[in-house]
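The following exercises are to be worked through with the sequence and the structure at hand. Each task is followed by its solution in steps.

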Amino acid sequence: MNQILIVEDETRLAAFLQKGLRKNGYVTAVAEDGKQAVEIALSQDFDLMLLDIGLPIKDGFTVLQELRSKGKNLPVIVVTARNDEQDEKKAIASGANGYMTKPFRFQDLLSSVRENLLIKK
């Protein structure tokens, strides 16, 4: 069973993602800020991370860079309200495997999750 870390400070969106992913057979955990995300990702084994950019304490770019510099190579899909080409390029350059802007269709997110988990294997 694949484990997914959801890094999202909007409680309602985090709950929506968690509910939808669990319905599709995934085990989930939630981190509400960047500092917590790094700590949880380094201390547990996740198969994939959904990462917001606009987070308290440490932003998503910092989280991504810290994880990659520490050798964490799990697939990361950035899920953000920032619909800016520069942000997308920066996220991919920092090691993100995908970039999705809010609002999004859950089915599109699910497809991206499945695709990234297949690549990981």
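**Exercise 1.** Which elements are included in what covers the buried residues of α2?

*Solution.* The model examined here is a predicted one. Begin with the helix itself: α2 spans residues 34–43, and its buried residues are Gly 34, Ala 37, Val 38, Ile 40 and Ala 41. Next, look for what lies over these residues: the cover includes the strands β1 (3–7), β2 (27–31) and β3 (48–51), together with the helix α3 (60–69). Finally, turn to the start of α2, where a side-chain oxygen of Asp 33 comes to within 3.0 Å of the backbone nitrogen of Lys 35.

**Exercise 2.** Determine in which sense β4 and β5 pair, and state the handedness of the unit they make with α4.

*Solution.* Locate the strands: β4 covers residues 76–80 and β5 covers residues 98–101. Four bridges join the two strands, and the pairing is parallel. One position to check is Ile 77, which stands opposite Gly 98 in β5. Then add the helix α4 (residues 85–93): with β4 and β5 this helix makes a β-α-β unit that is right-handed.

The loop between β4 and α4 contains Asn 83. This residue is classed as exposed because its relative accessibility is 68%, over the cut-off of 50%. Between the C-alpha atoms of Asn 83 and Met 100 the separation is 8.6 Å, although the two residues are 17 residues apart along the chain.

**Exercise 3.** Is Lys 102 buried or exposed, and which side chain does its own side chain join in a polar contact of 2.9 Å?

*Solution.* First, place the residue: Lys 102 belongs to the loop between β5 and α5. Its relative accessibility is 17%; since buried means under 20%, Lys 102 counts as buried. Second, identify the partner: the polar contact of 2.9 Å is with the side chain of Glu 8. Third, list the surroundings beyond four places in sequence: Lys 102 is in contact with Glu 8, Glu 10, Leu 13, Asp 52, Val 79, Thr 80 and Ala 81.

The backbone also merits attention here. The peptide bond leading from Lys 102 to Pro 103 is cis, with omega near -5 degrees. Pro 103 is likewise found in the loop between β5 and α5 (106–120).

**Exercise 4.** How many aromatic pairs are counted, and which parts of the chain does the pairing link?

*Solution.* The count comes to one aromatic pair. It is formed by Phe 16 and Phe 106, whose ring centres are 5.6 Å apart and whose planes stand at 75 degrees. As an angle over 60 degrees counts as edge-to-face, the pair is edge-to-face. Phe 16 lies in α1 (residues 11–23) and Phe 106 in α5, 90 residues apart, so that distant parts of the chain are linked. Phe 106 is buried, with a relative accessible area of 15%, whereas Phe 16 is partly exposed at 42% relative accessibility.

Another ring, that of Phe 61, has the charged end of Lys 90 sitting over it, 4.3 Å from the ring centre.

**Exercise 5.** Where is Ile 57 placed, and what is the sign of its phi?

*Solution.* Ile 57 is situated in the loop between β3 and α3. Its phi is positive, about 70 degrees, although the residue is not a glycine. With a relative accessibility of 64%, Ile 57 counts as exposed.

Definitions and conventions
Residues numbered from 1 in each chain as written. Predicted model: local features only at pLDDT ≥ 70, side-chain atom pairs only at ≥ 80, totals over all residues. Heavy atoms only, no water. Pairing = 2+ DSSP bridges. Right-handed = clockwise from strand over helix to strand, strands pointing away. Buried < 20%, exposed > 50% of the residue type's maximum accessible area, 1.4 Å probe, protein only. Contact = heavy atoms within 4.5 Å. Polar contact = N/O pair within 3.5 Å; in protein donor to acceptor, adjacent residues only side chain to side chain. Phe/Tyr/Trp six-rings, centres within 6.5 Å; stacked < 30°, edge-to-face > 60°. Lys NZ or Arg CZ within 6 Å of the ring centre and 35° of its normal.
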